[in-house]
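The following exercises concern a single protein model. Please examine the sequence and the structure, then work through each task before reading its solution.

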Amino acid sequence: MDQPHGAISGGLVTAEKDNPTADLIAAWLADCFGVPFGRDNSGGPGITEVRFATGDGDIFLTRPDGRTATLTKPGQPDRRVALHRRDTSELLIEELRRLNPDEVYGETLARLAASSVGGPVPGPYSGQA
């Protein structure tokens with residue numbers, strides 16, 4: 001999202017049904033961009049797609065295999081991105097290196113609890129299965 005794009009009007013995070021990280025990312029993106037982000041289910045593994053609705057067309061980041069993602073932007077060739085899913089031990093090691101409070105995580109978790117991001121969200125992708 002560091003390249004020029006149209007105004008973001010909403011989005012959708014797609015992941016396995018019981019993936020709490022997807023709910024956190026949807027809440028964080030909604031807060032960052034000030035627009036609704038929905039949550040949809042997939043067969044996984046993990047988060048399989050993040051979609052941004054923009055004035056120039058949709059931007060997709062898809063990762064169906066948990067290893068390599070494809071970035072699709074209107075008017076540009078698709079780009080493959082190494083985006084390997086880390087296992088639990090790698091995540092724990094990273095967290096233990098920094099034993100300080102994660103303010104962004106805390107704020108996002110509080111917003112998620114207050115807004116119930118997991119439910120239907122009005123916007124360009126509401127009602128999609």
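A residue is called buried when its relative accessible area is under 20%, exposed when it is over 50%, and partly exposed in between. The model used in these exercises is predicted.

**Exercise 1.** Locate L99 and determine whether L99 is buried or exposed.

*Solution.* Begin with the position: L99 belongs to the loop that joins α2 (88-97) to α3 (103-115). Next, take its relative accessibility, which is 73%. Because this value is over the 50% cut-off, L99 counts as exposed. Finally, consider its partners: L99 forms a nonpolar surface patch with L92 and L96, and the accessible area of the three together is about 370 Å².

**Exercise 2.** Describe the largest pocket by its volume, its lining and the elements that contribute to that lining.

*Solution.* First, the space in the largest pocket amounts to about 1,400 Å³. Second, 41 residues line this pocket, and those nearest its centre are T21, I25, I47, R86 and L91. Third, two or more lining residues come from each of α1 (20-33), β3 (47-54), β4 (59-62), β5 (68-72), α2 and α3. Of the contributions to the lining, that of α1 is the largest share, with seven residues. Fourth, sorting the lining by class gives 20 nonpolar, 10 polar and 11 charged residues.

**Exercise 3.** Identify the geometry of the peptide bond from G44 to P45, and state where P45 lies.

*Solution.* The omega angle of this bond is near 10 degrees, and the bond from G44 to P45 is cis. As for its place, P45 lies in the loop between β2 (37-42) and β3.

Conventions. Residues numbered from 1 in each chain as written. Predicted model: local features only at pLDDT ≥ 70, side-chain atom pairs only at ≥ 80, totals over all residues. Heavy atoms only, no water. Patch = residues over 30% accessible without salt bridge, like charges linked within 9 Å, V, L, I, M, F, W, Y side chains within 5 Å. Areas by Shrake-Rupley, 256 points an atom, 1.4 Å probe, with all protein chains shown as cover. Salt bridge = Lys/Arg side-chain N within 4 Å of Asp/Glu carboxyl O. Helix = DSSP H or I, 4+ residues; strand = E, 2+ residues; numbered from the N terminus. Buried < 20%, exposed > 50% of the residue type's maximum accessible area, 1.4 Å probe, protein only. 1 Å grid on protein atoms, 1.4 Å probe; cavity = no way out; pocket = protein on both sides within 12 Å on 5 of 7 lines; lining within 4 Å. Points joined across faces, edges and corners; volume = space filled by probe spheres on them. Nonpolar A, V, L, I, M, F, W, Y, C, P; charged D, E, K, R; others polar.
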